[in-house]
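I'm opening a fresh page for a structure I haven't looked at before. I'll jot down each thing as I look it up.

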Amino acid sequence: MVDTLPRPNATLPEILAYHARRVTRTRLSLDIIGGLSIAALAFTMQPAGWITTGSAAVCWASYGAWGFADRALAAPDSETTRAGRAWRAGRAVAAVVGSGAAIVFVFSGLGLALGTFIS
């Protein structure tokens, strides 16, 4: 895997992938643990704006999981092994969960910002 700088007009997924490939596995593990911990607190305690907080935390954890799986797939023998297929599936699941959580984050944030409309 060649790790080059993202182009000047890179998209958000390209920038996130570049960053995930540059940080350590410890940092990615802390992203997963921190995201899941905050999400668990938000979903159990349900403070004001808990959906927005919880979905942002799930995005954070999914980013860490995607980066961890992407790093595992960087190994040269990961293409054909059973573990490589599992890491690839895990990376896809993390991307789908993270994308869904990002959509929930945006719409719940808009709901908080706009408030209730009474017509």
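Before anything else, a working rule for my notes: I call two residues in contact when heavy atoms of theirs lie within 4.5 Å. I also remind myself that this is a predicted model.

**Entry 1: the overall layout**

I started by counting elements, and I found 4 helices and 0 strands. Reading from the N terminus, I get α-α-α-α. I then boxed the C-alpha atoms along the principal axes and got roughly 60 × 35 × 20 Å. The protein has 119 residues, and 26% of them count as buried. I also looked at contacts between residues at least 6 apart in sequence, and 61% of these join residues at least 24 apart.

**Entry 2: α2 against α3**

For a packed pair of helices, I note the angle between the axes and the distance between them. Helix α2 covers residues 25-45 and helix α3 covers residues 50-73. Their axes are 7 Å apart, at an angle of about 155°. An angle over 145 degrees counts as roughly antiparallel, so I put α2 and α3 down as roughly antiparallel to each other. Their crossing is left-handed. Sorting the residues of this contact, I got 16 nonpolar, 8 polar and 3 charged.

**Entry 3: the loop between them**

Which residue has a positive phi although it is not a glycine? I found Q46, with a phi of about 50°. That caught my eye because most residues other than glycine have a negative phi. Q46 sits in the loop between α2 and α3. I checked its accessibility too: at 45%, Q46 counts as partly exposed.

**Entry 4: α1 against α3**

Next I turned to helix α1, residues 12-22. The axes of α1 and α3 come within 9 Å and cross at roughly 65°. This crossing is right-handed. On the α1 side I listed L16, A17, H19, A20, R21 and R22, and they meet Y63, W66, G67, D70 and R71 in α3. The residues of this contact divide into 5 nonpolar, 2 polar and 4 charged.

**Entry 5: two serines in α3**

I picked S55 and S62 for a closer look. S55 lies in helix α3, and so does S62. Is S55 buried or exposed? Its relative accessible area is 4%, and under 20% means buried, so S55 is buried. Setting aside residues up to four places away in sequence, S55 touches F43, A101, V104, F105 and S108. I also noted that the C-alpha atoms of S55 and A102 are separated by 6.8 Å, although these two are 47 residues apart along the chain.

S62 has a relative accessibility of 8%, so I count S62 as buried as well. What does S62 touch, leaving aside its neighbours within four places in sequence? I found A94, V97 and G98.

**Entry 6: α4**

Last came helix α4, residues 82-114. I tried a length check: at 1.5 Å a residue, its 33 residues should span 48 Å, and the end C-alpha atoms are 48 Å apart, so the two agree. In α4 I marked G84, A94, G98, A101 and S108 as buried. The buried residues of α4 pack against α3. Just after α4 comes G115, and its phi is positive, near 75°.

Definitions and conventions. Residues are numbered from 1 along each chain as its sequence is written. This is a predicted model: local features need pLDDT of at least 70, side-chain atom pairs count only at pLDDT 80 or more; totals for chains, interfaces and linings use all residues. Side-chain values use heavy atoms; hydrogens and water are left out. Axes are lines fitted to C-alpha atoms, for helices over the stretch in contact, and angles run from 0 to 180 degrees between N-to-C directions. Angles under 35 degrees count as roughly parallel, over 145 as roughly antiparallel, 65 to 115 as roughly perpendicular and the rest as oblique. A crossing is left-handed if the near helix is turned anticlockwise from the far one by less than a right angle, and right-handed if clockwise. Ala, Val, Leu, Ile, Met, Phe, Trp, Tyr, Cys and Pro count as nonpolar, Asp, Glu, Lys and Arg as charged, and the others, Gly among them, as polar. Buried means under 20% relative accessible area, exposed over 50%, partly exposed in between (1.4 Å probe, protein chains only). The expected span of a helix is 1.5 Å times one less than its number of residues.
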